[in-house]
Amino acid sequence: NKGMNKGAKDNNGIDRPPWYTKEWPKDCQYNAPGCTLDELDTSAHATPIHKDMMRNASRWQEAFVPGATAMRLSFNSLTDEDVAEVCQALRDNTDVTELDLSHNQIKDAGVQALAAAL
């Protein structure tokens with residue numbers, strides 16, 4: 001298919017190694033030697049004041065009480081910065097059975113960290 005991404009155009013001018021063929025490893029976009037990966041999108045609080053306001057809010061405090069069974073943090077302006085705290089809380093509190101992080105500012109890096117923690 002012409003419309004499919006089959007790796008870097010002309011392999012970014014890099015010669016393919018001798019073991020690389022069209023049949024193996026299938027000339028796919030993820031293992032083409034000339035392909036490069038960009039950094040994951042990430043988010044952070046605009047100011048320390050914003051971060052403090054969010055973390056001093058009652059819902060943030062309730063979510064981190066030892067023994068809490070739910071972390072309901074939707075619409076809370078969470079960023080990737082906050083996901084690290086959430087991940088640590090999930091490791092420390094095995095009672096959590098409900099996690100709601102919807103409608104926040106969590107980007108790819110935060111999602112990856114959360115997936116790794118779960």
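Start with the salt bridges of this predicted model, of which the structure holds 4. Side chains of opposite charge can pair when their charged atoms come close.

Select Lys51 and Glu81 to begin, and you will find a salt bridge whose closest N and O atoms are 3.2 Å apart. This pair links distant parts of the chain, since Lys51 belongs to helix 1 and Glu81 to helix 3, with their positions 30 residues apart in the sequence. Lys51 has a relative accessible area of 24% and is therefore partly exposed, and Glu81, at 31% relative accessibility, also counts as partly exposed.

Next, select Asp82 and Arg55, whose side chains meet in a salt bridge with an N to O distance of 2.8 Å. Here too distant parts of the chain are linked, with Asp82 in helix 3 and Arg55 in helix 1, 27 residues apart. Are these two residues buried or exposed? Both Asp82 and Arg55 are buried.

Move on to Arg72 and Glu98, where another salt bridge is found, at 2.9 Å from N to O. Because Arg72 lies in strand 1 and Glu98 in strand 2, which covers residues 98-100, the pair ties together parts that are 26 residues apart in sequence. Glu98 counts as partly exposed, its relative accessibility being 33%. Then add Glu85 to a selection of Arg55 and Asp82, and you have the three residues that are joined into one network by salt bridges that share partners.

Now color the model by secondary structure to place these pairs in the whole chain, which has 4 helices and 2 strands. Followed along the sequence, these elements come in the pattern α-α-β-α-β-α. If you color by accessibility instead, buried residues account for 30% of the 118 residues in the chain.

Go next to the loop between strand 1, residues 70-72, and helix 3, residues 80-92, and select Phe75 there. The backbone of Phe75 has a positive phi of about 50°, although this residue is not a glycine. Phe75 is exposed, with a relative accessible area of 60%. Ser77 lies in the loop between strand 1 and helix 3 as well, and Ser77 likewise has a positive phi, of about 60°, without being a glycine. The relative accessible area of Ser77 is 28%, so this residue is partly exposed.

Turn then to the segment before helix 1, the helix of residues 48-55, where Asp38 has its place. Which residues form a negative surface patch with Asp38? They are Glu39, Asp41 and Asp108. Asp38 itself counts as exposed, at 69% relative accessibility. Ser43 is also found in the segment before helix 1, but Ser43 is buried, with a relative accessible area of 11%. To see what its side chain meets, show the backbone of Gln105, whose oxygen lies 2.6 Å from a polar atom of the side chain of Ser43.

For the last stop, select Ala113 in helix 4, which covers residues 108-117. Ala113 is partly exposed, with a relative accessible area of 34%. If you add Val83 to the selection, you can trace the separation of 7.4 Å between the C-alpha atoms of the two residues, which are 30 residues apart along the chain.

Conventions
Residues numbered from 1 in each chain as written. Predicted model: local features only at pLDDT ≥ 70, side-chain atom pairs only at ≥ 80, totals over all residues. Heavy atoms only, no water. Patch = residues over 30% accessible without salt bridge, like charges linked within 9 Å, V, L, I, M, F, W, Y side chains within 5 Å. Areas by Shrake-Rupley, 256 points an atom, 1.4 Å probe, with all protein chains shown as cover. Lys, Arg positive; Asp, Glu negative; His and termini not counted. Charge placed at Lys NZ, Arg CZ, Asp CG, Glu CD. Buried < 20%, exposed > 50% of the residue type's maximum accessible area, 1.4 Å probe, protein only. Polar contact = N/O pair within 3.5 Å; in protein donor to acceptor, adjacent residues only side chain to side chain.
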